[in-house]
Amino acid sequence: MSAAPGTDLTTAAVATTGPVLVIGTGLLGTSLALALTAAGVEVQLADTSPTSLALARDMGAGAVRTGESAEPALVVVATPPDVTAAVVLDALAAHAGAVVTDVASVKDRIAAEVRARGGEAVARYVGSHPMAGRELSGAGAADSDLFVGRPWVVVADGATPEAELVVRNLAVDVGATPVRMTAAEQDASVAAVSHVPQLISSLLAARLESLPEASLALAGQGLRDTTRIAASDPRLWSAILVGNAGPVVEQLRRVREDLDALIEGIAPAAVDPGSEAYTAPGRTGDIAPGAVGAITDVMSRGNAGQARIPGKHGGAPRRYAEVQVLVPDEPGMLGRLFTEVGEAEVNIEDFAMEHSPGRSAGLAMLSVLPSSAQRLEQALDARGWRVVLS
């Protein structure tokens, strides 16, 4: 577990003082508990689900809190956002000496409810949101490295500086980078970079529901990439999206405007080849006026937007070279590839795998620094790998 890239939390000093009570043993709560436990911090666990609680305990995330447990110094509420405010208020009342934070992806509504009902105790409440997650949910999907290199939003509206520092230290201790925002700024930001992308992915995947098997057999990595998060938990996301409805609706309206403009631009080109209006390809007028412009506009803007996405560990965007390697569909081959890339002293910055059922090999796409690409290709070729030259 690392506090930052290359730093081992099992040996690095941490600022978080236990006990830390984690309420909610789903993906985020259990991942956080695992990271803190690995760093030597005492963790107590609580959950309304005995099954989830037992699983997190058995995974080594901490000890189940009982009536005899010591009072926590920090309480982390990791429950669904529709119940988060109530749990935060209960924790503030039950643990008068503890700083309380939550990790819900919605902040404005939760913060407003806590401020309205929390009285003087709100000085000990700091909202937060680690920008980390997976399409899988539950304690079984937890990962102690989930937060490494990820931004962790800290919303300290109304909290004391001392309480804010406790939560900032928590973020740093599990490898994240604290980012201070207001609740409204956070919600508007995640609507654009997380919530609407989830909906777009789900909308795209929904188009596949009635698609013939023959068509699905043609699916490639592009479809897998754009629909990966469509496997997320509908119940959890319903609570998240309803809680952030205002910013999400605003973003969806902008997407709708772009779709309407694109449809208007392309529609005239959608002519039945059997109709009198159809012009054979290659003749003047075979492309409807405006169609190319509409497509070029949205794709160019997409290029510009994609280029602004931060690079690895939240740094500036970086361009990587892609080395493509055929990997035989045999046990241990992917592990061997990673080992031999390491032996070539090349770091993999990103990785994707394209493999369809029935194929004897998959295509591994290794993103590396441009200065390392040719050396890696030569090293893998010398070791017998088939490198696909683009």
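This passage walks through a helix, a buried glutamine, the aromatic pairs, a nonpolar patch and several salt bridges in a predicted model.

Helix α1 makes a convenient starting point. The helix covers residues 27-38, twelve residues in all. From its first C-alpha to its last, α1 reaches 16 Å, close to the 16 Å expected at 1.5 Å a residue. Most of α1 is covered, with nine of its twelve residues buried. The buried residues are Leu27, Gly29, Thr30, Ser31, Leu32, Ala33, Leu34, Ala35 and Leu36. Their cover comes from both strands and helices: it includes the strands β1 (20-23), β2 (43-46), β4 (74-77) and β7 (151-155), and also the helices α2 (50-58) and α5 (161-173). After α1 comes Gly40, a residue with a positive phi, near 90°.

A second covered position is found in helix α6, which spans residues 183-206 and contains Gln186. The relative accessible area of Gln186 is 1%, so this residue is buried. Leaving aside residues up to four places away in sequence, Gln186 touches Ser105, Val106, Lys107, His129, Val153, Val155 and Met181.

Attention can now turn to the aromatic side chains. Across the whole structure, a search finds two aromatic pairs. In one of them, Phe147 and Trp152 adopt a tilted arrangement, with 5.4 Å centre to centre and 50° between the planes. Phe147 and Trp152 are both buried. The other pair joins Phe338 and Phe351 in an edge-to-face arrangement, at 5.1 Å centre to centre and with 80° between the planes. Because Phe338 lies in helix α12 (residues 333-343) and Phe351 in strand β10 (residues 350-354), this pair ties together parts that are 13 residues apart in sequence. Phe338 has a relative accessible area of 35% and is therefore partly exposed. Phe351 also counts as partly exposed, at 31% relative accessibility.

The surroundings of Phe338 deserve a closer look. Besides Phe351, this residue touches Ile348 and Leu366, when residues up to four places away in sequence are not counted. Phe338 and Leu366 are 28 residues apart along the chain, and 9.8 Å separates their C-alpha atoms.

Nonpolar side chains also appear at the surface. Ile266, Ile295 and Met299 make a nonpolar surface patch of about 250 Å². Within this group, Met299 is found in helix α11, which runs over residues 291-307. With a relative accessible area of 52%, Met299 is exposed; the cut-off for that class is over 50%.

Charged side chains complete the picture. In the whole structure, a search finds eleven salt bridges. One of the bridges described here brings together the side chains of Arg65 and Glu71, at 3.1 Å from N to O. Both ends of this bridge are partly exposed: Arg65 has a relative accessible area of 22%, and Glu71 has one of 45%.

Another salt bridge links the side chains of Arg117 and Glu113, with an N to O distance of 2.8 Å. These two residues are in helix α4 (residues 108-118), and because they are four residues apart there, about one helical turn separates them. Arg117 is exposed, its relative accessible area being 56%, whereas Glu113 is partly exposed at 32%.

A further salt bridge is formed by the side chains of Arg301 and Asp258, again described from N to O, at 3.1 Å. Arg301 lies in helix α11 and Asp258 in helix α10 (residues 245-266), so the pair ties together parts that are 43 residues apart in sequence. Arg301 is partly exposed, with a relative accessible area of 44%, and Asp258 counts as partly exposed at 33% relative accessibility. The link between Arg301 and Asp258 belongs to a network of salt bridges that takes in Asp297 as well.

Notes: Residues are numbered from 1 along each chain as its sequence is written. This is a predicted model: local features need pLDDT of at least 70, side-chain atom pairs count only at pLDDT 80 or more; totals for chains, interfaces and linings use all residues. Side-chain values use heavy atoms; hydrogens and water are left out. Buried means under 20% relative accessible area, exposed over 50%, partly exposed in between (1.4 Å probe, protein chains only). Contact means heavy atoms within 4.5 Å. Rings of Phe, Tyr and Trp (its six-membered ring) pair if their centres lie within 6.5 Å; planes under 30 degrees apart count as stacked, over 60 as edge-to-face and the rest as tilted. Patches are made of residues with over 30% relative accessible area and no salt bridge: like charges are joined within 9 Å, nonpolar side chains (Val, Leu, Ile, Met, Phe, Trp, Tyr) within 5 Å. Accessible areas come from the Shrake-Rupley method with a 1.4 Å probe; for residues, only the protein chains shown count as cover. A salt bridge is a side-chain nitrogen of Lys or Arg within 4 Å of a carboxyl oxygen of Asp or Glu. The expected span of a helix is 1.5 Å times one less than its number of residues.
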